[in-house]
Amino acid sequence: MKVSLRISHLLIAFVFLAFSVNGYAAPALFKIEKQGASSYLFGTVHVGDASMKGLPEKVTKAIDQSEQVVVEVDISKLTPLQMQQRSMPFMLLANGRTLQSELSAKNYQQLKDYFAKKSIDIAMFNGLKPWAVMVTMMQIEFQNAGYSDKNGIDKQVLDYAQQHNIKIAELETIEQQLQMFNGLESLSNAMMAETFEQLSDINTYFIKLVNAWKNGDMKTLTSYYHTSFDNSHYGQQSEQVMLIERNNNWVTQLTPKLEQGNIFIAVGALHLVEQHGLIKQLRDQEFTVTQL
C-alpha cells in the first residue's frame, strides 16, 4: 500500500503529542547543559504494548539524578471520573449541532459503516465532536493491535517518579490539551478521511512510527514530521496549533528550570525535532543539547 503524503495529525497527537530493556535499541534521551547545570530531555510515545513495559536503564538513571520530572499533563493526579468530568465539556457539540451535521455525507456514512461492522450504533456518538469520535476509533484499533496508554512511556515515567518520591510538574492542563483539538475543528473532514485510510493499515502508519521511537531514530521521526506538517493550509494550521504554539510556551516555562538544572523532561517525541522543536529552541537559548 502506498504511504499517504501526510500522516494524520490526530494520529500524530495520539501517539506522540510512548519494553523490556532488551525489547528495543535505544529511545532518544538528551542531556541539556548550561553553565554547570544539567538536565535531561526524553521524547516519548503515548501508547505502548506489553513488550514496552519497563523503562530503559539509562532513562531510570537520569530520573534518579533529577529533583523534578516535568511532563505534558500529570494524569496521575486525576481519577477516571475526574478525567471524564473535565473532558466532556470540550468533547460535546452544542447549539443543535450533531456529528452528522459536522461531517460530509461521505465521511458520515463511512463512519456509520465502520461502527456497524463492530456492532456499535453510531447514534451513541451523535452529540460528540468528530475529533472525539476519532480518538475513540483509534483507541479501538490500537487496543486490537495490543497497544494502550497504560503501557505508554509517559505513564511509566509518572509511575516511576511517584514510586521514588520525585516531584512532578506539568506543562499544560488537560483542558489546554483538549482545547488544542477544538482548535482543529475546521479540519474535521480532512482528518476523518485520513484517519480512515491510516487505520486500515496500522502497520504502515503506526508500527513504523513506534519502531522509529524504539530505535531512537530521529531521522525517521523528522521525516514523519515533514510528511505530516507540509506547506498546505491544513498542514500549517495543524503544526501551529499542535506544535509551534505549545513548544514556544513550553520553552518559556522550561528555561528558568533548566538554568537551575536537575530536571527530567518527558514530552512527545515530535516536540523535539525541527526548527520549532525543543532541541533547536533550547540551543538557541545557548543550552548544549547532546543525544546520549
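In this predicted model, Glu141 and Lys118 form a salt bridge in which the closest N and O atoms are 3.2 Å apart. The two residues link distant parts of the chain, with Glu141 in helix α6 and Lys118 in the loop between α5 (105–117) and α6, 23 residues apart. Helix α6 (residues 130–144) also gives the largest share, nine residues, of the largest nonpolar core. The points below cover the salt bridges, the core, a buried asparagine, the pocket and cavity linings, and the region around helix α7.

**Salt bridges**

- The whole structure contains 12 salt bridges according to the search.
- In the pair formed by Glu141 and Lys118, Glu141 counts as buried because its relative accessibility is 14%, under the 20% limit for that class.
- Its partner Lys118 has 30% relative accessibility and therefore counts as partly exposed.
- Arg86 and Glu175 make another salt bridge, and their closest N and O atoms are 2.7 Å apart.
- Because Arg86 belongs to helix α3 (residues 80–91) and Glu175 to helix α8 (residues 174–182), this pair ties together parts that are 89 residues apart in sequence.
- Arg86 counts as partly exposed at 28% relative accessibility, and Glu175 likewise counts as partly exposed at 23%.
- A further salt bridge brings together the side chains of Arg97 and Glu185, at 3.0 Å from N to O.
- Here both partners are in loops: Arg97 lies between α3 and α4 (99–102), and Glu185 lies between α8 and α9 (188–199), so parts 88 residues apart in sequence are tied together.
- Arg97 is partly exposed, with a relative accessible area of 31%, and Glu185 is partly exposed at 23%.
- Arg97 and Glu185 also belong to one network with Glu102 and Lys129, joined by salt bridges that share partners.

**Nonpolar core**

- The largest nonpolar core has 89 residues, of which Leu111, Met137 and Phe264 touch the most other members.
- Nonpolar side chains tend to be buried together in soluble globular proteins.
- Beyond the residues up to four places away in sequence, Met137 touches Leu111, Tyr114, Phe115, Met192, Thr195, Phe196 and Leu199.

**Asn247 and its surroundings**

- Asn247 is part of helix α12 (residues 233–260).
- With a relative accessible area of 2%, Asn247 is buried, since that class covers values under 20%.
- A polar contact of 2.8 Å joins the side chain of Asn247 to the side chain of His271.
- Apart from neighbours within four places in sequence, the contacts of Asn247 are His271, His276, Gly277, Leu278 and Gln281.

**Pocket and cavity linings**

- Rolling a probe the size of a water molecule over the atoms shows where empty space is left.
- The second largest pocket holds about 160 Å³ of space.
- Its lining consists of Glu172, Gln176, Met180, Val241, Glu245, Arg246 and Asn249.
- Helices α8 and α12 are the elements that give two or more residues to this lining, and α12 provides the largest share, four residues.
- The largest cavity encloses about 40 Å³ of space.
- Ala28, Gly43, Ala212, Trp213, Gly216, Asp217, Met218, Leu221, Ala269 and Leu272 line this cavity.
- At least two residues of the cavity lining come from each of α10 (202–214) and α11 (218–228).

**Helix α7 and the loop before it**

- Buried residues in helix α7 (residues 153–163) are Ile153, Asp154, Gln156, Val157, Leu158, Tyr160 and Ala161.
- Asn165, just after α7, takes a positive phi of about 55°.
- Asp149 is placed in the loop between α6 and α7.
- The C-alpha atoms of Asp149 and Gly48 are separated by 6.4 Å, although the two residues are 101 residues apart along the chain.
- Setting aside neighbours within four places in sequence, Asp149 is in contact with His46, Val47 and Lys155.

Methods:
Residues numbered from 1 in each chain as written. Predicted model: local features only at pLDDT ≥ 70, side-chain atom pairs only at ≥ 80, totals over all residues. Heavy atoms only, no water. Core = buried A, V, L, I, M, F, W, Y, C linked by side-chain atoms within 4.5 Å. Buried < 20%, exposed > 50% of the residue type's maximum accessible area, 1.4 Å probe, protein only. Contact = heavy atoms within 4.5 Å. Salt bridge = Lys/Arg side-chain N within 4 Å of Asp/Glu carboxyl O. Polar contact = N/O pair within 3.5 Å; in protein donor to acceptor, adjacent residues only side chain to side chain. 1 Å grid on protein atoms, 1.4 Å probe; cavity = no way out; pocket = protein on both sides within 12 Å on 5 of 7 lines; lining within 4 Å. Points joined across faces, edges and corners; volume = space filled by probe spheres on them.
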